[in-house]
Amino acid sequence: MTAAGGKGNLLRLSAIEALGLIGRQELTASALTGAYLAQINQHDNDVSAYLRLTATEAQLEAAAFEAAAGEGAPPLAGLPTAIKDVLVTEGVITTCASRMLENYNPIYTATSVLKLRQAGIVMLGKTNMDEFAMGSSTENSAFGPTRNPWDLGRVPGGSSGGSAAAVAAGEAIWALGSDTGGSIRQPAALCGVVGLKPTYGSVSRYGLVAFASSFDQVGPITKTVRDAALMLKYLVGKDANDSTSVEHPDEIALPEDRDLAGVRIGIVRELVGKGIDAEVMSVFNQAIKKMEAAGALVSEAGLPHVEYALPAYYILAPAEASANLARFDGVRYGLRAGGAHADVTEMYEETRSQGFGDEVKRRIMLGTYALSSGYYEAYYGQAQKVRTLVVQDFAAAFADADLLVLPTAPTTAFKLGEKTGDPLTMYKSDICTIPVNLAGLPAISIPAGLAGGLPVGLQLIGPAFSENLLLQAAHSAESVIGFDKVSPLVKQAD
Amino acid sequence: MLISHDEVRYVAKLARLKLESGELDRYAGQLSGIINHINKISELELKHVELTSHVIELANVFREDQARQSVSRELALANGPEVEAGAFRVPQILEAEEQ
């Protein structure tokens, strides 16, 4: 047990602690899965983390692991896991939180999910998200928003808000998310859990419904950094079905208990202070002091072009989205608008207008505009060059620092409805996470403390394929920060 | 406004989206706000900067051409909204040729 109180509260266990107990036969896979399903039954009407549960299958799988416990059990056997509904799962409806895919029953399973299932996880269900992963609050779900387990009047962040809320609410021991501009890290920060975006290419995107293919990456949302390392170990690898995937140069290692002596950490000066809430900065600065006391060599770092990252992202990602989402045409799968159609164009238009929500339409139009004749050079071409400048900025910063550090999000969890009226204000929720996706780097958000009773995230960023260094430093930081709070929904179960 | 109703209508047509007349005004306003923000990149001198399309060094990925089992027709059609005679049914695309 990591925290005071809650002895016997299975919802407080990390995945690694649960594996230990199961291995010593002090806990059964069925009891563990049962505890999470009971929590879902009790609280998910309020939280709405899940779009679909696979409870019966989960119980059967857990029972099967129990019968075959001991020698030869797969390494992650019996861990109750939530899967973001952007990852296709054979025979389990996968909607991307869109009317367009409301009844879509995939004929194959995403590689990332398949790898975890082969390693023994038990799938509890599919989690809510912003439609097609476009959003920062999970309010863009066609099936209603998810609520933050720390305060049900607030958003969990997004787009992987359902996965982050599930872990924070004790409704999953860990979860899979995806991150295109911050969609793992920002909800993890707002929900007080850990979220890791791996280096672009290190985890297969096969079966991840495409949003912006040159940014999208699958990764873990967990209670601890060591759990994130454990899940990542089973996620990485080249996949013949994703030609942009690569073999990770390192075997992913579980971080060890040690201090931060000699680790050079650069605070990105352009992104602290300006545009970040004072109370978030205060929690962040206290965490940095603790890291410094643990031996970290903290200095300032510069990313001179970082203010151009958000505008460049909102050209490139919608441009890629407008091409990727062209596949939803009412022909091969997904919604087709009912009634007789005068011609095929009318069928396309009615299907897409009924199937897509507001934000998805906005981004498709933005991307179409940026790619249209006369604007392509001014927008898409220029944004690809800005991307180069951001990549170069990071490379220069890593000459003087092993890792960079920032708050993960500029605010704590905001109220439902607070930012839905103004898309640009919502986009700025990702100001600290988007630069990382432009450069394809790995980054992790860990809880840094509470501000006004709500979690604040601290983001560490490393060079490409530096996951072992990043996870080790994050684990050490997590230890010295000593965040031991859980959401009220988990505390209630003590 | 940076983007007019006509431009929104044109872009929606390219994207195969049908907008209600009330939506035109809202999207024109919102897209103008976003484009105004995006235009910030025009401040930069980028003439001598290379493009980045992918952040990880990738060479072309080739493999030998080989025959292998594919998805069955039945599975491929399983999610089709309208299926007939082993194919996806769509509204008529080509004009009937005059005899």
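In this predicted model, a salt bridge links the side chains of Asp358(A) and Arg26(B), with a nitrogen-to-oxygen distance of 2.8 Å. Asp358(A) belongs to helix H11 of chain A, which spans 358-371. That helix is one of several that build the side of chain A touching chain B: helix H9 (309-324), helix H10 (344-355), helix H12 (377-400), helix H13 (423-427) and helix H14 (434-439) likewise each supply at least two residues. The greatest contribution comes from H12(A), with 12 residues. Sorted by class, this side of chain A comprises 34 nonpolar, 20 polar and 13 charged residues.

The pair Asp358(A) and Arg26(B) is a salt bridge between the two chains, and the interface of chain A and chain B holds 4 salt bridges by the rule applied. Polar contacts across the interface of chain A and chain B amount to 19 residue pairs, with both partners at pLDDT 80 or more.

The extent of the interface can be described in two ways. In terms of residues, chain A brings 67 to the contact and chain B brings 50. In terms of area, the size of an interface is often expressed as the accessible area that is lost when the parts come together. For chain A and chain B, the buried area is about 5,100 Å², and 70% of it lies on carbon and sulfur atoms.

Chain B may next be considered by itself. Its secondary structure consists of 3 helices and 2 strands, arranged along the sequence as α-α-α-β-β. The radius of gyration of chain B is 23 Å, whereas the globule rule gives 13 Å for 99 residues; the value is well over that figure, and chain B is therefore more spread out than a compact globule. Along the principal axes, the C-alpha atoms of chain B occupy a box of roughly 55 × 45 × 35 Å. Of the 99 residues in chain B, 29% are buried. Where contacts in chain B join residues at least 6 apart in sequence, 34% of them connect residues at least 24 apart.

A last point concerns the beginning of chain A. Gly8(A) lies in the segment that precedes helix H1 (15-23) of chain A. Gly8(A) counts as exposed because its relative accessibility is 56%, and the cut-off for that class is over 50%. Between Gly8(A) and Asp44(A), which stand 36 residues apart along the chain, the C-alpha separation is 22 Å.

Notes:
Residues are numbered from 1 along each chain as its sequence is written. Chains are lettered from A and ligands numbered from 1 in the order in which they are written. Side-chain values use heavy atoms; hydrogens and water are left out. Contact means heavy atoms within 4.5 Å. Buried area is the accessible area (1.4 Å probe) that two parts lose on being put together, summed over both. A polar contact is a pair of N or O atoms within 3.5 Å; within protein, one must be able to donate a hydrogen and the other to accept it, and residues adjacent in sequence count only if both atoms are side-chain atoms. Helices (H or I, at least four residues) and strands (E, at least two) are DSSP runs, numbered from the N terminus. Ala, Val, Leu, Ile, Met, Phe, Trp, Tyr, Cys and Pro count as nonpolar, Asp, Glu, Lys and Arg as charged, and the others, Gly among them, as polar. Buried means under 20% relative accessible area, exposed over 50%, partly exposed in between (1.4 Å probe, protein chains only). The radius of gyration is taken over C-alpha atoms; the globule rule is 2.2 Å times the number of residues to the power 0.38.
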